[in-house]
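Subject: Handing over the structure, with notes on what was found

Dear colleague,

I am passing the structure on to you below, and after it I have set out my notes, which you may like to read with the structure open beside them. Please take your time over each part and look up the residues as they are named.

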Amino acid sequence: MTLPDVIMLAITVLGGSAALLVVTSRNVVHSALFLVVALLSVAGAFLALGAEFLAWAQVLVYVGAVVILILFGLMLTRAPIGPMAQHNELGKALPIAVSGGFFAVLITLIFGSFGDTTLELVPVSPGMLGEVLYIPWALPFMALGFLLTVALIGAVVLARREEGEGPLPEPDPELADVSREPVPTDASTNPGVSAPSEEPAPVTGEVTR
Amino acid sequence: MSQVAWLIPALPAASALAIIFFGKRMPKGGAEVGILSLAIAFVLAVVVAIEVFSANVAAVADGGEAFLTTVGVELFPISAEAGINAGIRIDGLSAMMFLLVTFVSLMVHIYSLGYMAGEERFTWYFGLLSLFTMSMLILVVADNLMLLLVGWELVGVCSFLLIGFWWEQKSNSNAAIKAFLTTKSGDVGLVVGVITLWSVFGTFDISQIIAGVEAGAYNEGLLTFGLVALVLGVVGKSAQFPLHTWLPDAMAGPTPVSALIHAATMVTAGVFLIARLYPVYSAVPAAQATIAVIGAITLLMAGLLALVQDDVKKVLAYSTISQLGYMVAALGFSYTAGIFHLFTHGFFKALLFLGAGSIIHAAHSNNMSDMGGLAKVMPRTFYTFLIGSLALMAVPPLAGFWSKDEILVEAAAAGAYTGNLVLVLGAIGGAITVFYMTRVLYLVFAGEFRGYGHPHESPQTMTAPPVALAVPSLFIGLINLPLPAFQPYAFSAWTMFSTEYWVTHPIEFSPLIAFVAVTLAAAGFVVGRLMYRDAPVGDADPMLRLGLPTRILQEKYYLDRLYTDLITLTLVRDKLGAASVWLNDRVIDRIVYLAGAGTVGFGRGLYDVADQKGIDGLVNGVGQSTRWSGGRLRLAQSGNVQLYAGAMLAGVVVLAVVFAVG
Amino acid sequence: MQAAYPLTFAALLFCVGVYGVLSRRHAVLVLMSVELMLAAVTVNLVTFGAMVGDALYTGQVFALFVMAVGAAEVGIGLAIVLLIYRNRASVNIDDADLMKY
Amino acid sequence: MPELLSDPTTVDLFALAPELSVIVAALAILLVELFLPAERKRLVMLIGMAGVLVAIGFLIALAADIGGGSRAAFGNAFVVDQYALLFKGLFLGVAVFVLLLSYRYFSEFRTYQGEYYFLLLAAFVGMLLMPSARDLVMLFIALEIVSIPGFVMAGLRKFDLRSNEGALKFFIIGVLSVAVLLFGMSIVYGFTGTTDLVGIAVALEGAERAPLLLAAVLFVIVGFGFKVSAVPFHFWAPDTYQGSPVPVTAFLSVASKAAGFAGLLQVCFVAFAPLADVWAPVLGVIAVLTMTLGNLVAMQQTNMLRLLAYSSIAHAGYMLVPFGIVQPGNAALNSDAFSAVLVYLIAYAVMNMGAFAAVTAVTRAHPGRQVADYTGLGHRSPGLAGAMSVFLLSLGGVPPLVGLWAKFYIFIASVEAGTPFGLFLAAMVVINSVIAMFYYLAVVRTMWMDEPLSVEPIRPGFALGTAVGGLAFLTVGLFVAVDLFATSANLSTLVAGG
Amino acid sequence: MTWEELAITVTVFLPLLGAAIITFVPRRHEESAKSIALIVSLAAFVLSLAILAGYDWGARGIQFQLNVSWIEAAGINYHVGIDGISLPLFVLSYLLTFLCAVYSYHHIEEPGRPKAFLALMLMLQTGMAGCFIAFDLILFFVFWELVLVPMYFMIGIWGGPNRQYAAVKFFLYTLFGSVFMLVAFLALYFAAPERTFDILALQQMGAAGEFTANFQRLAFAAIFLGFAIKVPMWPFHTWLPDAHTEAPTVGSVLLAGILLKMGTYGFIRIALPILPDAAVEYAPIIGVLAVIAIIYGALCCLAQTDLKRLIAFSSVGHMGFVMLGIATLTPIGINAAIFGMVAHGVITGMLFFLAGSIKERYHTREIAEIGGGMVKTMPKMGVVLGLTAVASLGLPGLAGFWGEILALLAAFNPAPSLVDAGYLTLFRVLVVFGAVGTVLTAGYFLYMMQRVLMGEPPERWSEAGLRDISPIEWGAWMPLIVLTVLLGPAAFLVTGMTTPDVTTIMTTFLGG
């Protein structure tokens, strides 16, 4: 049991519990905070494994940007501050069964084949990583760049509010039962063109066996 | 001349076409073309006959071969080596048939001018007559069995069309169909027989078949089966027992038709066929025995039936069946006797039918009960009818005597079981024939006229042909006088197929048999005269008061009821037909429909049960979800994405285990 | 260091992520759980990178790419969730069952 | 494994030409769209079309240039060989038709047309990268480039809750399967020490079969299974197809499914070839499940898009059959199976795209998307109904149409395998195609033999009209000229090229 | 590419081209579609006559042969040619289509739309003609299935009352059969020493005994199912009455005239020569089923009340004779079968034309309602119906006779290999039953003639002033009437062509 093993175990315990709390805590904001702890523990794991650059990247990208983004998401969707019923109609039976099964399978298999291998850790400096990144991995790197731009534009398109232009989202009458105040519509914006909206086929129409 | 004998069938064929297509526009409605063509044909027939007969006589004289010319051409190949060919075969027999058919057909044509005058489909009638004569002549002249079969069936169809000429009344078309179907069922035997002969001898050609039989290299059992099958065809066509029921009903057609078809030509086709294949039959004793027996039964059975008929044409019809029985029986052991009786019978039976036609025409009814006393009113018809009856009754100098007597002589000569049977039944049959003919003579000509209206003599065209036919009825018998001196020039020589047969089977005269036959005939005449002198009609008719025998005879031994009602109508058409349709629509169709519907049903079932009960059930069984009320759960595609994800990952886990183990 | 430990840590994170995706009602929570799963993958990759020790540091580069892609997916995920929220004022995944069978 | 590059400057741009031209076109669209007034925005599609056509030009030049050999770039992480060219040709062909479909459909949206075309072209870039990618990392990234625009486009009908819902389901299931894919890839990398496909194959040759490795192989296959909508991973398809705009559904059912197969082909036939005896039977079983479930459920559908969704699931099943009969080491059989999948893909792309083109035309007049909308179409617009019948009958496998050859090749491959499992697969294909005939025939029947609801004909408009006409011609034309693409698609180039 | 090679391809695909042209005719002048169809079908017919003229009657083997590879990936090549066996049916299909084009100038059933109808008809013609000239199994299969879709639409759209049920039934029946056939073709492909779909090569292999006995048994069973459904043989025939009665006149003429023959032709061309041992094993079964079909068909006809359905069932009977001829495995038998096919095509095609015209005038197919006396109300129609009915019941001297009599002839002594297998007596019993079948056939036809032609016409029809045969109808029917009468005496028109090739194909069975 060398020092790195001890560190690793500690990180595993810390990260694991944080992750569990993320998914089980009743308060959504608490989950977000526990997510931060979990991701930090991952960064710690990277450091333990000698991937120093990755660790800082993890901290910067995930903890810095992604969690903040998620918090914004929670805020925008007016998530209730207090506790809310966490479990969906599926109940806990299926998720526990599946994830438990998954975990059991993975653990047995991992210990089966990697039980005894030990890692001699060679710290990888950012310089070495950088050198490798821009020549052999140039193509994936560029492709990834393109991917990020596409994701960015996609997110903007979806998330943008629509009153400014284009067809206004008339509430779908069949969902009239859902309590929602109508989005303020000013009649002037879009003249004649009516979108080929889905004329509300009666629910039964849609739902046929 | 015989080389070009194919002209004889060609003439009526040409006239038939001419009449059918241009008949309407001809002055006499096509009749003149018919008569002209047949007249020429008759002349040609006489020329050919002279050539053939003189050749035969010469052959008998100097011991040469019998006259035979065959001219044939291959119509079309049916396999690399075999083919169907059409050709003519002229020998004594066919020459004789030429004479008989053309002459009788000519007489009927002339007679029909008067009889069918004013008929709506006059032209169509004459077209059919020519068509019929053509097919009969094809049958006569054919050199191979296949062409004979073609002629045979064509004759059948023409008789169907002629019998059902007045097809407005359902009874006529019923009779026509009955005639056709009965002969057609007989034809089953013919077809099977022809095919068997083909498979035994490898050819249809008659001369090769005969050569094959003489050579002796053939499968005995199969040949017997073939010949017996042919006999079934003969029984159907020549109305022998048991397939005779159609002939009396065929009287529904116009009388000249009956005269031509049901006296002289068509019904003799069967007899002609046996005569044509006589050498083959003589080689197979079993076949000859069957013929003799059938002939004997038929002649007696039909004779009895003739006793109780009221319709004059029906009497003649049954008498024809009886005479055909004689011919068939004769062919059981003697070639010449059989065909001689055929020859003579053709003339006087045609005469009787034409006479009957005039009588019916005059009395406006077929039934003898409303005739009587016509001798005075229709002298010419009476005398000719009398001559015909006397010939039929085998009164010595006339034709009937010589031919029927010859049959009895040959039967006696043959001896053995069949010979004696034919002799005895023949004699009795002779007596019965005389009895029912005297009954007819008295009921029709003697006493007072019982019908309504006043009968008068038929016009010239309807009395001339009977007169013309009376001449041969009187003298034709003499051409075959059984005197040894006369025989080399006699009919037997003319029509022999091989000289050595003519030598080994001479025509003798036995005074004893002649005497017995004549006395029996005389007895029959006396009894007949006694009973019917004052024309007792209706239920006064002695023959109708015999109780059970009368009823059996009137019901025609219940054969008719057996055939028409039981077999054809009820069993075949209604029962079997309906059963097969039921089988078709209900059973087979249903099975297939179920198979088809089955897959759809199976699909739906699988979809309902396995697809959504199965997977959903499993997933929910595991989860003890509270909110999952029955209503919400329906199908695997429940719309809840987490259920999808769950199902998917469950699948992954299961597969991972399988993989890990695998 | 024992290789098994980081791997178990990764497996633990992955399975907790799976649990989170399947059970939480709130869409954003589902996104968070997905992030956990991707983080688990990165740990896995780095561990294997160290174990293999190849010249190209494939493990770590791959991990980096995964992080980038993870970030992109969170962006898209949130956009979709916001879109649903604006149309229905509820991010509860259970309601999203308009289309079925 | 992209080995160390000695000289970084020799990046072979010509090999990347097709991808680059599409990227340039996409970016150009974004820029130009800003300056166009609202009603002129739809002209943007023309730029996109230009980009695709230029890419096709480059493709032909590349094909002429390599002629059978291969051309590597980035230290053979990116290889352009006959296999890659065939797929790129297929993708660009499909791109042309998706653009034609989208022209009029999206012109009414007036808002984010530019972004839509950008996303569409981006997805096609991803697809173009996929067949040339020869290592797991690049495969993963290409897969992502295809998926992410897919998620967005599926949700583009923002006002319609069904569309959002479809996008959400697509996203969640998509992300989940990517996570599983990555997990698998990491373990495979762990075992084999490399991410290069051929390298993996070499490493696997000798390696003893640790259970974890086998599980990892499964995880990777699951990632592509999702894209191809094989059975346990098919749940997203019906809802997403129904929710998203019809051209996007066409894109999903044809293009992204083809990309999934491109990846699966490379992974299964190259990387995991030595383990064939492990995954082949499992894929075979999945194929049968997919086929049967797809056909049976399709029989019950009344919504046209859901029917086509289940039908495309069934066709994914047919295409998975050759994977089920692969035998390690039996090169002849494998190459036949390989070409069978390719032939089916090309035929499927043509007839399915055609079907969706016709559905797009009809949906504009009947937004209800019900099968009942098609009653009496034969009387209203015989041309459109004729084309739709051609596509449906071809999907059913009726002879004078290319669908027959597609099934025929699958059939030959599975009968040639000779194993009882092969024969079982063949029998299932036969039974399924007869069952499928039920619902294809039902639609064709309603079109021709029932009385139309209204008499006014449906005008598909120029762009869509050419798409429907062109595809109908191809469906029949390819039947005769099936030889064109049948021979060129063989395994040898892929294996050798890598 | 000399005319020799191109002749067949041009003749086969000309109608398809015609169909394409017709579809592009604008809706406004739809009537012109009729004249285009007429011209195209006439041109195709003339071309087929040119091939007939150019055909060397004596020579054995394939003429006008063209063999170019189509899909070399799977070893399928476009191998077309024509020989004595396929030439008569090939020319007959063109004749019937041309006559149908003439007939449909005035007679298209109620949804009208001549454009679609004629296009489908021409497409049908390509499929039919293609079947007879294909010498590659897959090419044969493609043409075989090509016929399905147009006929399905023809029955489904222009048919009678419950046409959709009949159309679907027809489609799925044949599809089911053809799927098995395809499996058999593939099995042959894989079992052949060097893989080929070429029928001629497979025939050589079959003759040389390359295929093992039980493989042959299985393959023949599958092929048998495919062809038997099409013929149709007895247990698989239930689709025929529905399809025929519901199909439009032209549809049922082509269906009865040619489509049924594709099944029997398939037996002669593919099943028998390629799998000789299995053919010997299955021959008695086919023979028995054939005779059952004869008797069963006749009995069903007796019970029919619908004129068209009666004619349909008569086809079951006639095809029974054809199959009996095939079951004998002798040159005479096959000759009889081919002649029977041609004669049945001419006669039953004529009968269906008549049935169509009668329905058009009487507006019903129920014999009871027609009430008889047609010779009085429509004399010419009556005579023609009479003549055709008589020809159909096998009156010698007309076309129908030779087919039946030669089949019985051949069945009396079947091929030596059958005799050695001890089936001689069985076949002879079949001959007797077949002969009885002819009587039953005569029975129901005469019964039909009595109820339709003879008797007094009910007054409803006698004053209705039904118009007799119109010039268009004369034009469409005259060739058939002439052929019915001509094929009697001049039977060499068909057997002359078929005999050389039939003997070559049947040599394998001649054995001893």
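In the largest nonpolar core of this predicted model, which has 809 residues, the members that touch the most others are Val217(D) and Tyr344(D). The element that gives the most to this core is helix H13 of chain D, residues 331-365, which supplies 22 residues. Chain E takes part as well: its domain 1 (1-232) and its domain 2 (275-512) both give residues to the core, so the core lies between these two domains. If you would like to look at one member in detail, you could take Tyr344(D), which, once its neighbours within four places in sequence are left aside, is in contact with Tyr318(D), Met319(D), Ala406(D), Tyr409(D) and Ile410(D).

From there you might turn to the contacts between chains. Which of the eight pairs of chains in contact share the most contacts? The answer is chains A and C, and the contact between them takes 87 residues from chain A and 68 residues from chain C. On the side of chain A that touches chain C, at least two residues each come from helix H1 (3-24), helix H2 (28-48), helix H3 (52-76), helix H4 (93-114), helix H5 (126-134) and helix H6 (138-159) of chain A. By type, the residues on that side of chain A are 63 nonpolar, 18 polar and six charged. Chain E, by contrast, touches neither of these two chains: the nearest C-alpha atoms of chain A and chain E are 24 Å apart, and the closest C-alpha atoms of chain C and chain E lie 28 Å apart.

Chain C itself has three helices and zero strands, so to speak a simple list to follow, and read from the N terminus its elements run α-α-α. Of its 101 residues, 85% count as buried. When contacts in chain C between residues at least 6 apart in sequence are considered, 49% of them join residues at least 24 apart.

One helix of chain A allows a small check of geometry. H3(A) has 25 residues, which at 1.5 Å a residue should span 36 Å, and its end C-alpha atoms are 35 Å apart, in agreement with that expectation. In the same helix, Leu54(A), Ala55(A), Ala57(A), Gln58(A), Tyr62(A), Val66(A), Ile70(A), Gly73(A) and Leu74(A) are buried. What do the buried residues of H3(A) pack against? They pack against H2 of chain A, and also against helix H2 (27-52) and helix H3 (58-88) of chain C.

Chain B is built from 26 helices and two strands, and buried residues make up 57% of its 662 residues. Among the contacts in chain B with a separation of 6 or more, 78% are between residues 24 or more positions apart.

Some details of the backbone also deserve a careful look. The peptide bond from Phe241(B) to Pro242(B) is cis, with omega near -5°, and Pro242(B) is found in the loop between helix H8 (220-237) and helix H9 (246-249) of chain B. Another cis peptide bond joins Val231(E) and Pro232(E), with omega about -10°, and Pro232(E) lies in the loop between helix H9 (213-230) and helix H10 (239-246) of chain E.Two residues have a positive phi although neither is a glycine. For His364(B), phi is about 50°, and this residue is placed in the loop between helix H15 (335-363) and helix H16 (374-377) of chain B. For Ser229(D), phi is about 60°, and its place is in the loop between helix H8 (211-228) and helix H9 (236-243) of chain D. Are these residues buried or exposed? His364(B) has 11 other C-beta atoms within 10 Å and is therefore exposed, whereas Ser229(D) has 29 other C-beta atoms within 10 Å and is therefore buried.

Finally, a word on confidence. The model scores ipTM 0.77 and pTM 0.82. Chain D averages a pLDDT of 83, and 93% of its residues score at least 70. Among the elements of chain D, the lowest mean pLDDT, 54, belongs to helix H20 (residues 491-497), and the highest, 91, belongs to helix H5 (residues 136-154).

With best wishes

Methods. Residues are numbered from 1 along each chain as its sequence is written. Chains are lettered from A and ligands numbered from 1 in the order in which they are written. This is a predicted model: local features need pLDDT of at least 70, side-chain atom pairs count only at pLDDT 80 or more; totals for chains, interfaces and linings use all residues. Helices (H or I, at least four residues) and strands (E, at least two) are DSSP runs, numbered from the N terminus. A residue is buried if 20 or more other C-beta atoms lie within 10 Å of its own, exposed if 12 or fewer, and partly exposed in between; C-beta atoms are placed from the backbone. Two residues are in contact if their C-beta atoms, placed from the backbone, lie within 7 Å. Ala, Val, Leu, Ile, Met, Phe, Trp, Tyr, Cys and Pro count as nonpolar, Asp, Glu, Lys and Arg as charged, and the others, Gly among them, as polar. The expected span of a helix is 1.5 Å times one less than its number of residues. A nonpolar core is a set of buried Ala, Val, Leu, Ile, Met, Phe, Trp, Tyr and Cys residues joined through C-beta atoms within 7 Å. Domain bounds come from an automatic or database domain assignment. pLDDT is the predictor's confidence in each residue, from 0 to 100.
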